Amino acid sequence: MAQAREDIHRLLHPRGVALIGPVDRNADPAFALSGQSRRWGSTAVHLVDEPAGMLGEQVIHARVADVPDPVDLAVVAVDHARLLDVVQQCGERGLSNVIISSSGFAGLGDEGAARELELVECARRYGMRVMGPNANANAFDAMPPPINPGTGKIGLVTHSGHLGRLIAQAGPHGVAFSRWIPTGNEADLEASDFIEYLAYDADTAVIAGYFEGFRDGAKLRRALAAAAQQGKPVVLLKVGRQEAAARMAQSHTAHLVGSDAAIDGLFKQYGVIRVEDIDELIESAALHAKLRPPPGVGVGLYGISGGAVALMAELAQAHGVTLPVLSTETQDALHQVVAPYLGVSNPVDNGNLYRTGTAEMRARVFDLIGADSGVSVLVCALTGVIRGITDDFTNDILDFAARSDKPVIVIWNSWDLGAPAYQRIVASGLPVFRSFRGCFQALTAFFRYHQRLEAVRARPAFNGPGAGHPPATTGRILDPEESATLQRQYHLPIADQGTARSADDAAAIARRVGFPVVLKVALEDFPHKSDAGLVQLGLDSEAAVAAAFEDLRGRAGTVAPDVREPPVLVQRQVAGGVEVIVGVTRDPALGPVILVGLGGILTEVLQDVSVRPLPITEFDAAEMVRELRGFAILEGVRGSPPSDIASLYAVILAVGALAGEPANGVVELDLNPVMVGASGATVVDSLISTDTVIP
């Protein structure tokens, strides 16, 4: 595959390196320079520190200008007072990249952030790329070779250097890495740049990472799209799920959508496997690196303990793993080998076979499970080290894996990681997990990734704003007539309505739209009118409408004394259906994001919502609705008819088109509720806040 990020390739494959910073001239040269060959290999390495001198046979140059060609990269570790001058010298010398290992800067507040920006601007004047500050040269460390040559390699990108090292040290457990890249402060080059590079790296099969956030949504989208197109699974641990909303907002949507929810939605759009902890990151990434896509999703479970296989089955089903019932023929054949009272429908328990059976009988069990048409993957559990039995079971697993075309996964529950059997399994290159939960959670995500890959690859390219997208601000709330006009332009099915300025107007509008009706005070400063008592429902006569009109105007005067005779919205009352919210808010990094949820006035209580950044596709709309916990309500429960879900998809796509048009300037949008009935959906209440004047 062609490498689309030649700039990153030049950074990571320099022809020569200048190490700029203090040199311990009293150190033993052999010791001081011993690590260079391990890190830089045959690349020429030059020391730069004032005054000029020697460290053994290694020249110390006083300035980077004195370093002979070829040299492309500088690794800089000097104090803040000298740093800007050193970066400028690197630019004048013609270097293409600089890594700044000095710490501080943006982490120290406004003054540090200003110094960091000054460094980047200086580098850009000379066409240099900057990695860091607070970065190091670990990206150039040679990774240990895989224990099994057939193991696919993981490209690792991390914000945290320490946690990155922890992950990269998983090699003894059969995990192989192509490269580990800690990104530092990301003043210039970001994690997304390196993810995109790894997507085109021939030595990388899977991309994994630990992150605290992302600055540029467009870069991240481009990187994840590249990984999908190249068939590189991306497994990420991103902290911040518990982050509270950073601002108060006018809409339900903005209260419900935090930055993590938007990122989570983006991950789903691009097929990212999101994990919760370090162990899960390592094991999940290794699974994708080692396991080829199977033809189906049926999983066979096999162990030598009835209790163990029962627990396996329970946790597998809890994580959505498909456990096909083995065919009658398979079960009958198994019972010719194992005792008839043992369960062999899936999971398979072999009882005392490893104490009383022959090697041929044990192999027969594996072959029968593997031959069953419902089984695409076999998961075997080694739950405790037992002298003799564990070794025999391990031999049988490895023998079957060598002769079968069905993928095999091993769960090693024992704490005895020094057991020869464990070391043999690791060396075999089979995927290994330490827990049932970890295995089945990763396996579910594995199947889901491959099922969705074509839809992810078909996602249209994103052409929206990159870094510096304006953060969400409080815009002007459109009045009912402006809002209705805008919604109609996008064919949103709003309830029949009109704005009244007198009791007679209200009665006339009610006659036109049909009884019963709802009256709402059209005060823009009170977006949640029901909370302020500015809504009346179920009005079924002209007299009731006229009385309600006067009553609401009186209430409005109490709530907002400065408002004189506000207009009142008269709207046909929609009966029946499931209440749904469809909303939009802005994320500082990703731009507009859309939310779908259940609940109506209880939306913020139930928080049963799904979020995706714009733009969205029909696939997104369907996936958002179907991943709601209350989706069964839309399908119809306890005698209620099923809702017209297709009409809800249409509303979601129309809102996406409305909010995705930059000229509309949508800051926040709530359609709440949208009543989804047995035939069609109707927008009952809406709030649109915009920073653009709508004609």
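**Group meeting: a predicted 695-residue model**

The protein has 25 helices and 28 strands, where helices (H or I, at least four residues) and strands (E, at least two) are DSSP runs numbered from the N terminus. This is a predicted model, in which local features need pLDDT of at least 70, side-chain atom pairs count only at pLDDT 80 or more, and totals for chains, interfaces and linings use all residues. Residues are numbered from 1 along each chain as its sequence is written, and side-chain values use heavy atoms, with hydrogens and water left out.

Overall dimensions, then. Along the principal axes, the C-alpha atoms fill a box of roughly 95 × 85 × 40 Å. Of the 695 residues, 54% count as buried; buried means under 20% relative accessible area, exposed over 50%, and partly exposed in between, with a 1.4 Å probe and protein chains only. Take contacts (heavy atoms within 4.5 Å) between residues at least 6 apart in sequence: 71% of them join residues at least 24 apart.

Next, helix α21, residues 542-559. At 1.5 Å a residue its 18 residues should span 26 Å, and the end C-alpha atoms are 26 Å apart, which agrees; the expected span is 1.5 Å times one less than the number of residues. Which residues of α21 are buried? They are V545, A548, F549, L552, R553 and A556. Seen down the axis, these fall within an arc of 140 degrees, so they line one face of the helix. The arc is that of the directions from the helix axis to the C-beta atoms. As background, an α-helix has 3.6 residues a turn, so residues three or four places apart point the same way. A543 and T558 are exposed on the other side of α21. The buried residues of α21 pack against α20 (503-513) and four strands: β19 (497-500), β20 (517-521), β21 (535-539) and β22 (568-572).

Helix α13, residues 328-335, can be read in a similar way. Its buried residues are T330, Q331, A333 and L334. Down the axis of α13 they fall within an arc of 165 degrees, so they line one face. T328 and E329 are exposed on the other side. The packing partners of the buried residues in α13 are β14 (348-349) and α15 (359-371).

Last, a loop residue. P51 lies between β2 (44-48) and β3 (53-55). With 57% relative accessibility, P51 counts as exposed. Leaving out residues up to four places away in sequence, P51 touches R25 and I60. The C-alpha atoms of P51 and A62 are separated by 5.2 Å, although the two are eleven residues apart along the chain.
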